[in-house]
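Here is a short report on a ligand site and on one residue in a strand. Look over the sequence and the model before reading on.

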Amino acid sequence: MTSVGEKKPETATHLEVDVAVIGTGFAGLYALYKARKELGLRAHAFDDAEGVGGTWYWNRYPGARSDTEVTAYCYSFDRELFDAWKWTAKYPRQSEILAYLNLFADRYDLRRDITFGTHVDSVTWNDETSRWELRTDKGHHVTAQFVIEGVGLLSSTNLPTFPGQEKFKGEIYHTARWPHEEVSFAGKRVGIIGTGSSGVQCITEIAPECGHLTVFQRTPQYIVPAVHGPRDPKILESINADYEGYWESVLRSVTAFGFEESSVIGEGMSPEERDDIFDRQWNSGGGFQFMFATFSDVGTSLETNQAATDFIKRKIKAIVRDRETAAKLTPSDLYAKRPVCCDGYYETYNRDNVELVDVEAHPLVEITENGIRTNEHEYELDMLIFATGFDAVTGNYLKIDHRGRGGVELRTKWANRPLTHLGLMAAGFPNLFMIFGPMGPFTNQPPAHEAQVNWAADAIQHVREHHLEAIEPTQHAEDRWIATCDEIAYATLFPKVNSWINGANIPGKPITVMFYMAGMGAYMDQLRAAVKSGYADFTLLGPVPAG
Ligand SMILES: Cc1cc2nc3c(=O)[nH]c(=O)nc-3n(C[C@H](O)[C@H](O)[C@H](O)COP(=O)(O)OP(=O)(O)OC[C@H]3O[C@@H](n4cnc5c(N)ncnc54)[C@H](O)[C@@H]3O)c2cc1C
């Protein structure tokens with residue numbers, strides 16, 4: 001048996017650590033840092049990517065950038081890093097976020113405890129030893145007391161299989177598996193399937209370069225401008241004046257996006273007054289801002305929601321010159337998906353080289369040697385881009401064969417819907433922490449990652465300080481959490497609309513509530529209450545009897 005530090009992970013087949021980490025995006029890197037540097041534990045991480053970054057390693061498509069303003073899309077715990085790293089823009093590009101995460105890994109020398117290009121296939125609890133056993137596709141066998149999974153909310157790529165796909169003679173790409181080499185669009189006939197967040201960014205960015213761009217749209221989205229630009233020096237000044245206070249306010253807010261959320265109720269207000277507020281936000285930009293900085297009830301009141309959708313519909317009509325294209329771009333459902341923002345998206349359809357195909361009205365029949373055939377027409381293409389998104393929230397958890405206490409399978413436990421306590425742990429799966437797991441908060445992610453990893457680290461410390469073996473939520477606590485999440489979600493409009501938020505984008509996936517929708521502040525209260533009660537909602541397992 002070897003332990004990390006004695007033998008290089010590349011050659012080790014058996015590693016024994018205190019904490020095994022899966023994933024090296026924002027969450028996994030922080031978990032590795034925390035376990036090693038702050039808890040002083042032996043820790044090792046795996047990622048199937050060949051480098052750190054997670055989302056920002058994989059999503060290299062043109063136009064990829066964050067839609068959280070970067071002052072809240074970074075680590076908060078490291079003030080020196082916050083001051084030292086000079087972001088060039090409000091919504092930085094993928095390459096810049098990736099560079100930041102690489103710097104973070106270097107700053108804390110994290111790479112020596114990461115094995116890249118390696119997929120964790122199974123995570124199995126050994127009842128006799130009270131240890132997890134992980135197996136990878138490269139033959140590693142890892143024994144760990146604790147596992148922290150940062151496998152990504154939007155990471156399990158939805159790779160579609162359209163009939164005839166293998167016949168296509170041109171180039172094929174997926175936005176979330178974009179090659180590292182430059183891709184040229186010049187003069188090419190490009191087709192893109194999907195108009196979610198990635199599709200919208202990619203379409204807007206590549207349209208000027210393509211010879212011709214055909215967008216295959218299933219469901220139109222409400223897109224508001226990002227109003228991209230440099231970071232606002234006034235915001236930076238105010239953060240610098242009260243750094244701790246700023247991050248506290250982020251964690252107290254609903255969205256954790258770092259902007260001031262509205263407490264104004266739109267319901268009952270005159271349409272003119274409401275439009276004024278929507279107009280101001282349209283001009284200052286941001287998707288979550290349009291939903292949460294305008295009124296407090298866009299996500300809960302049908303009246304305010306309709307006011308928002310009417311406003312955006314009028315914008316589409318005003319921007320898109322061709323009546324038929326404008327009609328195809330106009331959604332008919334509520335504004336209750338994860339909000340999307342992008343500058344110049346609707347304007348892109350005024351270009352002569354861009355065409356929109358409604359595949360809801362004219363279904364895609366097959367991919368041919370030369371392009372895409374719908375039930376109406378064959379579109380000849382040199383390149384095909386899938387912007388078909390992710391098997392979100394649960395996808396990567398269910399790809400791993402998790403077996404908990406008594407051999408219970410996570411896939412069985414979650415067959416009808418994902419079940420967790422606090423979006424962090426699951427009954428029957430001791431010492432396993434899921435960062436941004438299902439039924440976690442619906443927020444900007446990095447501050448929530450930090451809060452959840454900090455909570456997990458405290459729980460680990462509690463177990464170790466009290467000479468215990470394991471911590472696991474009770475079934476009762478989990479049932480209560482699920483009921484709470486459902487109750488809150490059904491008080492909003494989000495379950496009324498099909499999207500990845502509730503699993504509706506993946507055929508056959510259970511359509512269900514997958515988030516705690518009460519906001520970051522309320523979520524933080526729940527995390528704190530769990531600790532303050534002395535982990536009353538958890539079973540704390542004592543040492544394994546000797547012999
Ligand atoms: C284009 C794009 C833009 C986004 N913009 C924003 C934004 O502005 N604001 C926001 O809050 N969120 C945004 N997101 C969501 C984004 O995923 C998170 O903000 C954040 O980067 C997630 O970090 P993470 O560490 O949780 O997971 P990820 O960054 O997804 O990393 C997970 C890693 O785990 C690896 N992994 C998974 N399973 C295994 C396994 N079994 N074995 C080994 N490795 C495994 C994956 O390959 C991946 O590298 C965006 C997502 C995309 C795709």
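## Strand and model

A strand here is a DSSP run of E with at least two residues, and strands are numbered from the N terminus. By that rule, His14 belongs to strand β2, which covers residues 14-22. The model is predicted.

## His14

Is His14 buried or exposed? Buried means under 20% relative accessible area. His14 has 18% relative accessibility, so this residue counts as buried.

The His14 side chain also has a partner. It makes a polar contact with the side chain of Thr143, at 3.0 Å.

## Polar atoms at the ligand

Three aspartates place polar atoms by ligand oxygens. For Asp48, a polar side-chain atom sits 2.4 Å from an oxygen atom of the ligand. For Asp47, the distance from a polar side-chain atom to a ligand oxygen is 2.9 Å. Asp67 uses its backbone instead: an N or O atom there lies 2.6 Å from an oxygen atom of the ligand.

How much of the ligand does the protein bury? Alone, the ligand exposes 980 Å², and the protein buries 97% of that.

## The shell

Three elements each give two or more residues to the shell around the ligand: α1 (26-38), α2 (55-58) and α15 (445-465). The most comes from α2, with three residues.

There are 35 residues around the ligand. Asp48, Thr55, Asp67, Thr68 and Tyr73 come nearest. By type, the shell holds 13 nonpolar, 17 polar and five charged residues.

Key:
Residues are numbered from 1 along each chain as its sequence is written. This is a predicted model: local features need pLDDT of at least 70, side-chain atom pairs count only at pLDDT 80 or more; totals for chains, interfaces and linings use all residues. Side-chain values use heavy atoms; hydrogens and water are left out. A residue is near a molecule or strand if one of its heavy atoms lies within 4 Å of it. A polar contact is a pair of N or O atoms within 3.5 Å; within protein, one must be able to donate a hydrogen and the other to accept it, and residues adjacent in sequence count only if both atoms are side-chain atoms. Accessible areas come from the Shrake-Rupley method with a 1.4 Å probe; for residues, only the protein chains shown count as cover. Helices (H or I, at least four residues) and strands (E, at least two) are DSSP runs, numbered from the N terminus. Ala, Val, Leu, Ile, Met, Phe, Trp, Tyr, Cys and Pro count as nonpolar, Asp, Glu, Lys and Arg as charged, and the others, Gly among them, as polar. Buried means under 20% relative accessible area, exposed over 50%, partly exposed in between (1.4 Å probe, protein chains only).
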